[in-house]
Amino acid sequence: MLSYRHAFHAGNHADVLKHFVQHAVLEYHNQKDKPYWYIDSHAGAGLYSLDQGYAAQNAEYEQGIARLWQADPDTLPAALQAFVASIRSLNSGNRLTRYPGSPAVAELLLRQVDRMRLFELHPSDAKLLQRHFKEAGRQVRIEQQDGFAGLKSVLPPPPRRAVVLIDPPYEEKRDYQRVVEALADSLQRFATGTYILWYPLLQRPEIAQMQQKLHKLGASSWLDVTFSVASPSVDGFGMHGSGLFVINPPWTLPAILEESLPVLREHLALDDGARYTLQHHIP
């Protein structure tokens, strides 16, 4: 249960999709002059080094964020340009050596009136997260505990505005059911929050079953996007893409994705099987 370290996968195609959407959602929330909370159920270590340590071993970022980093900014849609610019702000010069986890993405965008509540169970990553935010003061609160339980302790948030990211490693099969239960419970506690659920695309039945259950939650406003960088492997193993199920998404998000997904496919595709899907219902 505590073997997963996201550093091995930092900056890969799944991170690009997840953090790009997170970036767009937070930018939208910043348009209103009202405070909100950013809540992260599985926060990880905060910031990752790409040129040493775990991330350098598999170098998955080379087929993810590095490809957007090398792209001509003028060829990218505005939302992707803004996302890549945020990544550049964490690096010196033209070398890509650092990549933010979801808490560090939020750190780039949150205003002084906003707050972060972060949960991370892995003791090593929790320490790294604490170290990263040691100067943040009361704006950021970090708890070393299971994020599914942690969500119950912070919902509803005092300002009645929040963006909640749920992205467990799915190393245990029960996580596919736990995310559905967590969303159902969260909606009971705080129906108007924006929830971003990340999930892997794997050749296993739990994925399709989870997707069906998510659509049956009864959320009045939702968006479901998937992005595959390659055809599923012949042997049935490996993650060929990922998806995000967003409850109460910004009304602007479908147009942003319709413009950006073809560009992401152009830059991140590994073979002709690269594809994306986008469904949404936003009254």
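The following legends describe an overall view and several close-up views of a predicted model.

**Figure 1. Overall fold of the chain.** The predicted chain contains 10 helices and 10 strands. Its C-alpha atoms fill a box of roughly 45 × 40 × 40 Å along the principal axes. A compact globule of 283 residues would have a radius of gyration near 19 Å, and the value for this chain, 18 Å, agrees with that expectation. Buried residues account for 53% of the 283 residues. Of the contacts between residues at least 6 apart in sequence, 79% join residues at least 24 apart. The accessible surface comes to about 12900 Å², and carbon and sulfur atoms contribute 47% of that area.

**Figure 2. Helix α8 and the elements that cover it.** Helix α8 comprises the 15 residues 175-189. At 1.5 Å a residue, α8 should span 21 Å; the end C-alpha atoms lie 20 Å apart, which agrees with the expected span. The buried residues of α8 are D175, Y176, R178, V179, V180, A182, L183, S186 and L187. In an α-helix there are 3.6 residues a turn, so residues three or four places apart point the same way. The cover over the buried residues of α8 includes two helices, α7 (147-154) and α9 (205-215), together with the strands β6 (162-166), β7 (194-201) and β9 (241-247).

**Figure 3. The aromatic cluster of Y170, Y176 and W198.** The whole structure holds 4 aromatic pairs. One of them joins Y170 and Y176, whose ring centres are 4.9 Å apart; their planes meet at 35 degrees, so this pair is classed as tilted. Y170 and Y176 are both buried. Together with W198, these two tyrosines form one aromatic cluster. A charged residue also approaches the cluster member W198: K18 lies over the face of the W198 ring, 5.5 Å from the ring centre.

**Figure 4. The stacked pair of W222 and F245.** A pair of aromatic rings is described by the distance of the centres and the angle of the planes. For W222 and F245, the centre-to-centre distance is 6.1 Å and the angle between the planes is 15 degrees, a stacked arrangement. W222 belongs to strand β8 (residues 222-228) and F245 to strand β9, so that the pair links distant parts of the chain, 23 residues apart. Both W222 and F245 are buried.

**Figure 5. R117 over the ring of W37.** In this view, the charged end of R117 sits over the W37 ring, at 4.4 Å from the ring centre.

**Figure 6. Surroundings of H13 in helix α1.** H13 is located in helix α1, which covers residues 13-29. The relative accessible area of H13 is 11%, and because buried means under 20%, H13 counts as buried. Neighbours within four places in sequence aside, the contacts of H13 are G64, V229, M239, H240, G241 and L268.

**Figure 7. Surroundings of I256 in helix α10.** I256 is part of helix α10, residues 253-268. Apart from neighbours within four places in sequence, I256 is in contact with F20, A24 and A79. P283 lies 27 residues from I256 along the chain, and the C-alpha atoms of the two residues are 17 Å apart.

How values were computed. Residues are numbered from 1 along each chain as its sequence is written. This is a predicted model: local features need pLDDT of at least 70, side-chain atom pairs count only at pLDDT 80 or more; totals for chains, interfaces and linings use all residues. Side-chain values use heavy atoms; hydrogens and water are left out. Helices (H or I, at least four residues) and strands (E, at least two) are DSSP runs, numbered from the N terminus. The expected span of a helix is 1.5 Å times one less than its number of residues. Buried means under 20% relative accessible area, exposed over 50%, partly exposed in between (1.4 Å probe, protein chains only). Contact means heavy atoms within 4.5 Å. Rings of Phe, Tyr and Trp (its six-membered ring) pair if their centres lie within 6.5 Å; planes under 30 degrees apart count as stacked, over 60 as edge-to-face and the rest as tilted. A charge sits over a ring if NZ of Lys or CZ of Arg is within 6 Å of the ring centre and within 35 degrees of the ring normal. The radius of gyration is taken over C-alpha atoms; the globule rule is 2.2 Å times the number of residues to the power 0.38. Accessible areas come from the Shrake-Rupley method with a 1.4 Å probe; for residues, only the protein chains shown count as cover.
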